Amino acid sequence: MGYFSQRKRHERENIFMQIMLAVLGVQCLLLFLPAERVPGFIDDFLFQIYIVNLLVLIFSVCKKRIWFSTAFAVFLLINYAHLAASANLFFNQRVVAEHRVLVRDIERRPPEIEGTGMVKLRSGHLNLGHNEPALFYTFEKNLHVFTIVKIDLRQLNASQRQTALKNLGRFIKMQDDPVIVLGDFGVPVWKPVMQKFLADTMLQVKNRLVLSGRRSVFNPLAVPQYYVLAFNNVGVEDIDVKFRHRLREVETVVEFY
C-alpha cells in the first residue's frame, strides 16, 4: 500500500476513534447523573454500548493508539461497573447446591416445575395491580420449603410497573420461607425501579443476561429483561431459551442449599 493510501487510512481511523471517543465520553458522563435523569435509551441498551466499547478498545489496541486505548479502557471500566453492580453479564451465579429444580417458564402459560422429592403445598394468583396477576407455587423438597413466583410485566407502563413491583415486594416480605421470582420484568435490572425493588426485598440477580427476542433465541439488540431473583442460598445452574409451538420458553435449572 502506498504512502498516501496509508496516510488516508490512518486519518480515517483517527476520525472514527475521535467520534467514538466523544460519543462514549458523553455517554459515560450521563451515567453520573441521578439515575432518574439518565436517558432511557442509554439504560435500555447499556449492555450493547458496553460491547461496542469493548470492540473499539480492542481496535485501538490493535492499531497501537495508546491515548485512545487508555480513554476507551476508562470508559469500559465505568460501563462495566455500572452493569456489574446489579447484573451478571456472562455467567450465572451458582452456589454449592444440595437440591435442584427445573423450571420451564412458557410464554402465556403456567410454568412447568420439576424436581425429585417435591410436594406442592399451595398455589395461586397474586394480584399485582392493574389486572396483572402473578402465579405463585409453594413446594416442600426434602424438608426445605420455598416459593416460586412467575411474573410478566412487559405490557405495563412505568407507573404500573412501579405499583406491581411494590405489591410483589409486599408479598415477598410476608413469606417466612425463601422466594424465587422469575420472569420478564419489562426493563433491565439496572433501571432505578428495579434497583429499588432489589434493595427493598434483598433479592439478587442469579442468571446471566438473556438476550432473546420475541421470536428468536438470540438477538444481540434485545434489551435484557428476563431475570431469576432469589436470596443468597439460591443459584442458577443453567438457563436456556427455546421455542415451543411458537411460544418462547425459558428453561432454568435452579439450585439451592
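Q: When do two strands pair in the sheets of this predicted model?
A: The structure is a predicted model. Two strands count as a pair if DSSP finds a minimum number of bridges between them, and that minimum is at least two bridges.

Q: In which order do the six strands of the open sheet with mixed pairing stand?
A: This sheet is open, and its pairing is mixed. E3 and strand E7 (204-205) stand at its edges, each with a single partner strand, so one side of each has no neighbour in the sheet. The order is E3-E4-E5-E6-E8-E7.

Q: Which residue of E8 stands opposite Gln 204?
A: E7 and strand E8 (residues 226-230) run antiparallel and are joined by two bridges. Opposite Gln 204 in E8 stands Ala 230.

Q: Which residue in the hairpin of E3 and E4 takes a positive phi?
A: Strand E3 (residues 118-127) runs antiparallel to E4, with nine bridges joining them. His 125 is placed opposite Leu 135 of E4. Five residues lie between the two strands of the hairpin, and the one with a positive phi near 100 degrees is Gly 129.

Q: Which strands stand at the edges of the open sheet of four strands?
A: The order in this sheet is E2-E1-E10-E9, with antiparallel pairing. An edge strand has a single partner strand, so one side of it is left without a neighbour in the sheet; here these are strand E2 (112-114) and strand E9 (234-244).

Q: What is the bridge partner of Ile 239 in E10?
A: E9 and E10 run antiparallel and are joined by ten bridges. In E10, Ile 239 has as its bridge partner Thr 252.

Q: Is helix H3 roughly parallel or roughly antiparallel to helix H4?
A: Helix H3 (residues 46-62) packs with helix H4 (residues 66-84) at an angle of about 155 degrees, their axes being 9 Å apart. Angles over 145 degrees count as roughly antiparallel. H3 is therefore, with respect to H4, roughly antiparallel.

Q: How many charged residues are in the lining of the largest pocket?
A: The largest pocket holds about 340 Å³ of space. Of its 20 lining residues, the closest to the centre are Glu 107, Arg 108, Lys 150, Ile 151 and Asp 152. Strands E1 (99-106), E4 (133-141), E5 (144-152) and E10 (247-256) each give two or more residues to the lining. By class, the lining has eight nonpolar residues and two polar ones, and the number of charged residues is ten.

How values were computed. Residues are numbered from 1 along each chain as its sequence is written. This is a predicted model: local features need pLDDT of at least 70, side-chain atom pairs count only at pLDDT 80 or more; totals for chains, interfaces and linings use all residues. Side-chain values use heavy atoms; hydrogens and water are left out. On a 1 Å grid over the protein atoms alone, a cavity is a set of points where a 1.4 Å probe fits but cannot get out, and a pocket is an open set with protein on both sides within 12 Å along at least five of seven lines; lining residues have an atom within 4 Å of a point. Grid points are joined across faces, edges and corners, and a volume is the space filled by probe spheres set on the points. Ala, Val, Leu, Ile, Met, Phe, Trp, Tyr, Cys and Pro count as nonpolar, Asp, Glu, Lys and Arg as charged, and the others, Gly among them, as polar. Axes are lines fitted to C-alpha atoms, for helices over the stretch in contact, and angles run from 0 to 180 degrees between N-to-C directions. Angles under 35 degrees count as roughly parallel, over 145 as roughly antiparallel, 65 to 115 as roughly perpendicular and the rest as oblique.
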